[in-house]
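Let's take a friendly walk through this structure together. Have a look at it first, and then we can go through it piece by piece.

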Amino acid sequence: QALYTSLPDRVQIDLESLLDLVALGTVADLAPLHDENRSLVLAGLQVLNQLKRPGLNALAAVSGLKPGAITAESIGFTLGPRINAAGRLDHAYSAARLLAANNDYSARKLADELNALNRQRQQLTAELGTIAEEMIDPQDQILIAYDERFQSGLVGLVASRLAEQNYRPAIIIEKGTEVSRGSCRSIPEFHITAALDEIADLLVRHGGHAQAAGFTVRNENLEIFASSMRELAVQALSDKGLVSTIEIDAEIDVNDVDWALYETLVMLEPTGQGNPAPIFVSRNVEVTYQRAVGKGGSHLQLRLVDANGGFKERPIPAIAFRQGAWADSLPKFIDVVYTVNLNEWNGQRNLQLIVKDMQQASS
């Protein structure tokens, strides 16, 4: 935009045609979706859904996305991870080549490569996550693991998974021959970059913000770095009850989840970082069907009805990601926290609940 306005006679381009890339970059980089960002993403999604760029058209195809149905959530969970997989496991230039592709053949070839890299990224992240879990005590105030097997492009993902699962700040470090590189993910109660600032003399370099940071440390300082971070975490967190919380926007009956509600929620889009989708709670909900799905049964598929007089012939489907362990022990009646989502499969459009949390019904 600056180049265009400073050299209007030399830069001949329709800025609106670039809005799909603006939306893609804004959402994938977890920029907050409010004020100008939200307006740009809203306009960018309109351009993106036309899929005029061969590379994005091919990437959408291999991802199972259709023109007109791409949302900010689609970028965050489907397109963005595939594009980012290039830089994590190979070279970011692969993603740049996809976005610059000018014919369908090369676009599809590059999209297939990114899709394969993303599958590899998922598998490696799971494997490294298991290694990290075996190296930490989930009751510690901060979770720190370092090993030669960790990969620099994946340490942030592993740290995020640990922080989310245990509600503790987490640091995963790829141990090198002379220096090691780490990635940090934190919780609101602990400013991770401020902690790194306090022991900056032990580090080669570092940077980040309150919830995420990265650093390089010489191997001779690795042990003292870890112990120093543990001390800082104990000082800051030992008197706090570290429990993950979910901010609920409204309590409704499952029967209230209908197309009218969905159309109202669509008006709030795009949702994401800084502008989250509304979260609801429904109490005393009956589970009429449950099944572990996904690789290794990691997710939980449900059908739910209102036990307080709902229409049992019209159960609403739900999916609980990474909660497949509940499949054999889920109570018959639950209180459930969720967002409302549109699920499209085999030409069918159905409303679906994305379960955030659940417990045995309180009444």
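Ile-171 stands opposite Cys-184, a residue of β3. Strands β2 (residues 170–175) and β3 (residues 179–185) run antiparallel, with six bridges joining them. Helices (H or I, at least four residues) and strands (E, at least two) are DSSP runs, numbered from the N terminus, and two strands pair if DSSP finds at least two bridges between them. Residues are numbered from 1 along each chain as its sequence is written. The model is predicted, so local features need pLDDT of at least 70, side-chain atom pairs count only at pLDDT 80 or more, and totals for chains, interfaces and linings use all residues, while side-chain values use heavy atoms and leave out hydrogens and water.

Now widen the view to the sheet. It is open, with five strands in the order β1-β2-β3-β5-β4 and mixed pairing. Because β1 (143–147) and β4 (203–208) stand at the edges with a single partner strand each, one side of each has no neighbour in the sheet.

Next comes the nonpolar core (buried Ala, Val, Leu, Ile, Met, Phe, Trp, Tyr and Cys residues joined through side-chain atoms within 4.5 Å; buried means under 20% relative accessible area, with a 1.4 Å probe and protein chains only). The largest one has 29 residues, and Leu-48, Leu-59, Ile-70, Ile-75, Leu-79 and Leu-114 touch the most other members. Helix α5 gives the most to this core, six residues. Leaving aside neighbours within four places in sequence, Ile-75 is in contact (heavy atoms within 4.5 Å) with residues including Ala-23, Leu-24, Leu-48 and Pro-81.

Terms used: Buried < 20%, exposed > 50% of the residue type's maximum accessible area, 1.4 Å probe, protein only.
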